[in-house]
Amino acid sequence: MKNIAVLGSTGSIGTQTLQIAGNDKNINICALAAKSNVKLLAEQVRKFKPVIACIADEEKYSELARETRDLSTKIVCGADGMAETASVKEADSVLNSVVGIAGLIPTICAVKAKKRLLLANKETLVCAGEIVMSLARGNGVDVIPVDSEHSAIFQCLNGEKREKIKKIWLTASGGPFFGKTRAELENKTKEDALKHPNWSMGAKITIDSATLMNKGLEIIEACHLFGVDIDKITPVIHRQSIVHSMVEFCDGSYMAQLGSPDMRLPISYAINYPERKPSFADELDIFQKSCLTFDKPDYDTFKCLNLAVSAYKKGGVLPAVLNGANEAAVDLFLQGKIKFLDIADLVENALEKFDGGGKITLDAVLDADKEARKIVYERGLSLC
Ligand SMILES: NC(=O)C1=CN([C@@H]2O[C@H](COP(=O)(O)OP(=O)(O)OC[C@H]3O[C@@H](n4cnc5c(N)ncnc54)[C@H](OP(=O)(O)O)[C@@H]3O)[C@@H](O)[C@H]2O)C=CC1
Ligand SMILES: CC(=O)[C@@H](O)[C@H](O)COP(=O)(O)O
Ligand SMILES: [Mn+2]
């Protein structure tokens with residue numbers, strides 16, 4: 001039996017995880033957590049009967065408690081509740097699919113409690129990759145990626161030696177605005193940006209795909225997960241999202257993992273690793289995919305890519321600043337308060353206010369995140 005805690009259970013990854021769990025008698029969902037979607041969380045509690053469920057928004061606690069009062073699930077809330085849920089003794093694994101830096105402390109709690117970490121929340125590694133990975137090593141915890149590209153790389157590296165990697169080719173769909181000029185992006189709306197060509201995902205990551213910040217975050221995520229130098233990671237636009245990433249080795253071999261663009265595949269792989277089981281993902285019909293294309297990204301138009309690489313190279317709290325500024329800018333864009341191109345400009349402006357280098361502590365990361373958001377909200381609101 002696999003005993004899994006799902007954090008972010010009401011989101012895109014969380015609901016797909018529960019779909020897999022609902023079809024597998026050998027998976028026991030022992031904990032659930034969400035931010036404020038009481039209706040769906042209550043339904044999930046009723047169906048999966050976890051020992052604990054957390055609603056992060058404290059104001060929603062009594063509503064969730066009322067909705068589930070006939071059940072034996074312990075209902076908790078707030079930051080302490082998230083910590084308790086992430087470290088619940090019944091869980092062997094924690095699947096973290098919270099969006100944003102809100103996933104960081106729950107990740108740390110899960111690792112300290114020695115849970116196997118099934119990680120979708122890439123922002124955890126972007127902001128505090130060194131802290132989290134060294135804590136995982138110290139606690140003997142495996143970190144299994146859920147992000148599709150990183151799951152692909154993880155599968156390609158199975159049994160291989162890190163020092164034999166020549167290059168990691170990180171595939172990117174290019175998002176809804178592939179091939180567009182800056183002038184054409186000027187008036188793109190949130191509705192335009194939310195139309196991802198291949199994947200159905202939460203709003204924040206979908207906007208990140210449109211700006212290519214998602215690929216910037218994923219480059220940093222890959223550095224931490226695989227201990228590879230950033231100069232060995234090259235993003236490549238692959239419009240079909242069938243090749244989920246490739247590893248090129250020193251002998252000239254390329255290993256790639258292919259599949260339909262369906263997150264149930266990497267989620268199932270992470271849950272069942274090192275086994276493989278049917279994932280209920282859409283089947284890939286290779287005869288329907290006669291053409292797989294690979295293009296260079298347009299770094300001038302989509303400047304978030306270089307902002308992310310430069311923040312990582314300068315180090316210290318800069319990746320946390322990049323992430324916090326981006327979360328705030330995406331929030332403003334989704335509220336209709338700034339334009340699409342303002343997202344990258346606001347992130348760039350916030351990064352200019354901080355120095356890189358220095359020792360990374362959790363407090364420094366959290367402070368930098370807070371400060372970066374403040375800068376972006378102040379400047380962003382002055383634009384509207
Ligand atoms: N969706 C995808 O296909 C992929 C996603 N990822 C990564 O996975 C993560 C989740 O993405 P996705 O599922 O799309 O996001 P969604 O927005 O669909 O879901 C986010 C989940 O996190 C919960 N949440 C948000 N804020 C908090 C908080 N402060 N405390 C506790 N829970 C919180 C939400 O609860 P509520 O519903 O109550 O707001 C919801 O359950 C992101 O880091 C993303 O980058 C990676 C690869 C693919
Ligand atoms: C499904 C997944 O892993 C996402 O991170 C996806 O890759 C986003 O698409 P882009 O390649 O457009 O960023
Ligand atoms: Mn991805």
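## The shell around ligand 2

In this predicted model, the residues that surround ligand 2 divide by class into four nonpolar, five polar and three charged. The shell consists of Asp-147, Ser-148, Glu-149, Ala-172, Ser-173, Gly-175, Trp-199, Ile-205, Ser-209, Asn-214, Lys-215 and Met-263. At least two of these residues come from each of helix H7 (148-156), H10 and helix H11 (213-226).

## Pro-197 and its surroundings

Pro-197 lies in the loop that runs between helix H9 (190-193) and helix H10 (203-211). Because 15 C-beta neighbours fall inside 10 Å, Pro-197 is classed as partly exposed. When neighbours within four places in sequence are set aside, Pro-197 is in contact with Ser-173 and Pro-176, and Ser-173 is also one of the residues around ligand 2. Gly-174 is 23 residues away from Pro-197 in sequence, with a C-alpha to C-alpha separation of 8.7 Å.

## Domains and their contact

The domain assignment divides the chain into domain 1 (2-145), domain 2 (148-305) and domain 3 (315-384). The centres of domain 2 and domain 3, taken over C-alpha atoms, are 24 Å apart, and their contact involves 16 residues from domain 2 and 12 residues from domain 3. On the domain 2 side, helix H8 (182-185), H9, H10 and H11 each give two or more residues, with H10 giving the most, five residues. The residues on that side comprise eight nonpolar, one polar and seven charged.

## The annotated region

An unreviewed UniProt entry lists residues 143-226 as "domain: 1-deoxy-D-xylulose 5-phosphate reductoisomerase C-terminal". Over residues 143-226 the chain is 48% helix and 13% strand, and the C-alpha atoms at the two ends are 10 Å apart.

Technical notes: Residues are numbered from 1 along each chain as its sequence is written. Chains are lettered from A and ligands numbered from 1 in the order in which they are written. This is a predicted model: local features need pLDDT of at least 70, side-chain atom pairs count only at pLDDT 80 or more; totals for chains, interfaces and linings use all residues. Helices (H or I, at least four residues) and strands (E, at least two) are DSSP runs, numbered from the N terminus. A residue is buried if 20 or more other C-beta atoms lie within 10 Å of its own, exposed if 12 or fewer, and partly exposed in between; C-beta atoms are placed from the backbone. Two residues are in contact if their C-beta atoms, placed from the backbone, lie within 7 Å. UniProt positions are given in the numbering used here, feature names are shortened, and annotations may be inferred rather than shown by experiment. A residue is near a molecule or strand if its C-beta atom, placed from the backbone, lies within 6 Å of it. Ala, Val, Leu, Ile, Met, Phe, Trp, Tyr, Cys and Pro count as nonpolar, Asp, Glu, Lys and Arg as charged, and the others, Gly among them, as polar. Domain bounds come from an automatic or database domain assignment.
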